[in-house]
Amino acid sequence: MTAITPSPAAAVPAGELPVAPGALHAPVIDWFEEHARDLPWRRPEAGPWGVMVSEFMLQQTPVVRVLPVYEQWLARWPRPADLAADAPGEAVRAWGRLGYPRRALRLHGAAVAITERHGGDVPRDHAALLALPGIGEYTAAAVASFAYGQRHAVLDTNVRRVFARAVTGAEYPPNATTAAERRLARALLPADEPTAAAWAAASMELGALVCTAKSPSCERCPIEGRCAWRLAGKPAHDGPARRGQTYAGTDRQVRGRLLAVLRDAPGAVPQSALDAVWHDPVQRARALDGLVADGLVEPLPGPTYRLPLT
Ligand code: SF4
C-alpha cells in the first residue's frame, strides 16, 4: 500500500458533487457483475466469519498472498469459537508471512469476544461489530456490508482512490482518511441497502483491478466518460512527494525474521537462535523488545522465547 500526502483538491464538500451519484452506481455495479474476481470470501459458504477473516488479512496484504493462508485458516478454524479455543500464538503461527502480525492477535481477540459475547456468531449490528476488540471503523463497515448486505460507506485505499479521481478530480486521495472523504463516501451511497452493498464491493474492485495506483486502465473503466480527473486531462499530483514504503533494513524486516524462527519451532527457542537472524545486536534487541511489547512473543527464563500461549 502506498501512502501519500493530502491534496487540496481532495476536500470538495459532499454537497457540491460534480457528478450525480446515481450516474456512477449502475455502470460500476454492472461492471462488477461481469468482471468481479471469484474470491472465496465472496462465496455464500464463506459466511460472516469468512468475510471477517478476509478483511483482517486483506487490509495490508495483496489478494494473491492472502488466498492460501485464508483457505488454511478457515479449514483449521471454521468458526470463531474454534480459533478462540486455540492459543493466540497459534494464530500468529498460522498468519505466516502475511505481514503486520498484530492483526493475527487482534483477530484472535475478536474471535474470543464473539464467542463470549455473541454465542459464537459474528454480530450483525454495526455498533456491536465496532465494539469488538481489534475491529475499527473500516472492518466493521466492511463486515456489515459484505456479510450482511447493509448500507455503510466502506472506505479502503482502493475506494478512496476511485472517489478521488472520479469525483474529486485528484489523482490521489489524502494520506489518511479525512472527514471530507467520509462525507463524500456517504453522499455517494445508494439509498437502498442491496444497491449500497453492491456499490461498496464494486467500487472497491474497480480500484483494485482498473483504477490502480500507478497505471489506471481508463479505457476499460465503466465510468471513463464521467471521471473528473480524466475529463480534466489527468492533472499531475501537485501535493508533496508520495511516500513509498521501504522494508529492507527496517525493524519490520528484523521482526519478520525473528518471528519466522519462532513460527518454525515447535516450542521455545534459545536466544542464540534469534541472535543468528540479524547482524546488528542493537536493532535485533529493539525488534525483539517490540515483539514482546506487542504480545507477539513471550519471554521465558534462559532466556528462551516462544509464541504466546495466552
Ligand atoms: S477513468 Fe481512469 S482514473 Fe477515472 S475512475 Fe476510471 S480508471 Fe480511474
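Which residues of the largest nonpolar core touch the most other members? Here are a few notes to help you find your way around; keep in mind that this is a predicted model.

1. Start with the core. The largest nonpolar core has 52 residues, and the ones touching the most other members are W49, M52, M57, W73 and L107. If you want to get your bearings in the structure, those five names are handy places to click on.

2. Next, look at who supplies that core. Two or more residues come from each of α2 (47–58), α3 (63–76), α5 (88–95), α6 (102–117), α8 (137–146), α13 (251–264) and α15 (281–293). The top contributor is α6, which gives seven residues.

3. Now for the ligand. Around it you'll find R165, V210, C211, P216, C218, C221, E224, C227, W229 and R230. Sorted by class, that shell comes out as seven nonpolar residues and three charged ones, with no polar residues. As for where the ligand sits, the space it takes up is the largest cavity.

4. There's a sheet to look at too. It is an open one made of three strands, ordered β1-β3-β2, with antiparallel pairing. The edges are β1 (269–270) and β2 (298–300), each of which pairs on one side only. As a general reminder, strands of a sheet pair through backbone hydrogen bonds, parallel or antiparallel.

5. Finally, zoom in on one of those pairings. Strand β3 (residues 304–306) runs antiparallel to β1, and two bridges join them. To see how they line up, find P270, which stands opposite T304 in β3.

Conventions:
Residues are numbered from 1 along each chain as its sequence is written. This is a predicted model: local features need pLDDT of at least 70, side-chain atom pairs count only at pLDDT 80 or more; totals for chains, interfaces and linings use all residues. Side-chain values use heavy atoms; hydrogens and water are left out. A residue is near a molecule or strand if one of its heavy atoms lies within 4 Å of it. On a 1 Å grid over the protein atoms alone, a cavity is a set of points where a 1.4 Å probe fits but cannot get out, and a pocket is an open set with protein on both sides within 12 Å along at least five of seven lines; lining residues have an atom within 4 Å of a point. A molecule sits in a cavity or pocket if more than half of its atoms lie within 2 Å of its grid points. Ala, Val, Leu, Ile, Met, Phe, Trp, Tyr, Cys and Pro count as nonpolar, Asp, Glu, Lys and Arg as charged, and the others, Gly among them, as polar. Two strands pair if DSSP finds at least two bridges between them. Helices (H or I, at least four residues) and strands (E, at least two) are DSSP runs, numbered from the N terminus. A nonpolar core is a set of buried Ala, Val, Leu, Ile, Met, Phe, Trp, Tyr and Cys residues joined through side-chain atoms within 4.5 Å. Buried means under 20% relative accessible area, exposed over 50%, partly exposed in between (1.4 Å probe, protein chains only).
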